[in-house]
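Hello,

Please find the structure below. My notes on it follow.

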Amino acid sequence: MHPAISIVIPVYNAEKYLEDCMDAILGQTFQDYEILCINDGSQDGSLNILHQYEEKYPAFIHVCSQENQGQAAARNVGVDKAIGEYIAFLDADDLIEKDYFEVLYTAAKEQDSEMVICSYEKFDNDGNIILRRNTKDWEVQFGNGLTHVFQYSPWGKLISREMLKKYNIRFISGEKMEDGPYGIITNSVARNVVCLDYIGYHYRAYPDSTMGGIREKGVSMSRMAQKFPLKGIEYAADKVREILGPEYDKVLEFCVLKAIAGFVFVFCKRKDKDTHKEICRFADHMLKDYFPNAGKNPYIKHKLKNLPYSHQMAVRLLVVTHRLHVLYPFARFYKNVFHRK
């Protein structure tokens, strides 16, 4: 008999927090699950810890090891091995509420949902809460029954495995920030998405975490493609168009350009000029080859409820500066004025 939930945990050098994460799962009020731990070439004691848990709970826990290929590849392996009705991604250093799976699974079944998203908080190593986010606040109505939730992290969700399998939705390996493209796809194609005003997921933010240092250090040109999901963004645009067709294209256009505007105006703020120029070239490419009529998109022109005005303005600036052929110089000007430190 297949479990209700397959929990996929990519593990890389997580020995310091791994036991806390595993114990948080094993202590759940909901017990119909399997745990798939993908050891991604850890060089510390993570694999030994995983084997100890696997030996103690062989009915629940399954460990798979591979050479280091990155978090995206590890998650894909977990999904391929999963047999549950829903997929739940967890990071190996994060924590969840005791009733996390019970709350999310109950909502999924009651509302016949292909994806349930809970609210979350981020905390530091001293236990201080540094961010709380109610996911319902990021559920944007585009009109004509079209909605999109701008919460792209794969954790904090239950996602239908059948949906992922049916549409062959994958993480793109070899790039950082792969959550964004994956979220664009899943949040677009999932049926009956449910957002919960329930803080069930606790994300540990620290310099060595996947995202914790993403804005802190510049990268050389040889590593630039690893820092920004350029292939992933193209993949997301192609995949959503393939699945949903032209009816969703203006929403897709806005979502993709919003992500790219984030790369250009925010995530590049501490990057070198060559890296910033390459990201701007990619933005120009997407606007020219994928979205040549973005200036006519009504969602770029008109205020969207629940979306911060600054986010919408960033998309407008991206489109206008591209049209005027001044995207890169404007992006550098913006960086120098607003991100001097």
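Met177 counts as buried, because its relative accessibility is 9% (buried means under 20% relative accessible area, exposed over 50%, partly exposed in between, with a 1.4 Å probe and protein chains only). Met177 is not a glycine, yet its phi is positive, at about 60 degrees. Met177 sits in the loop between helix H5 (161-167) and helix H6 (179-189).

This is a predicted model, in which local features need pLDDT of at least 70 and side-chain atom pairs count only at pLDDT 80 or more, while totals for chains, interfaces and linings use all residues. Residues are numbered from 1 along each chain as its sequence is written, and side-chain values use heavy atoms, with hydrogens and water left out.

Asn192 also has a positive phi without being a glycine, here about 55 degrees. Asn192 lies in the loop between H6 and strand E11 (194-204). At 41% relative accessibility, Asn192 counts as partly exposed.

As for the whole chain, the protein has 13 helices and 11 strands (DSSP runs numbered from the N terminus: H or I of at least four residues for helices, E of at least two for strands). Its radius of gyration is 20 Å, close to the 20 Å that the globule rule gives for 341 residues, so the protein is as compact as a globular protein of that length (the radius is taken over C-alpha atoms, and the rule is 2.2 Å times the number of residues to the power 0.38). The C-alpha trace spans about 65 × 45 × 35 Å along its principal axes. Of the 341 residues, 56% are buried.

Regards
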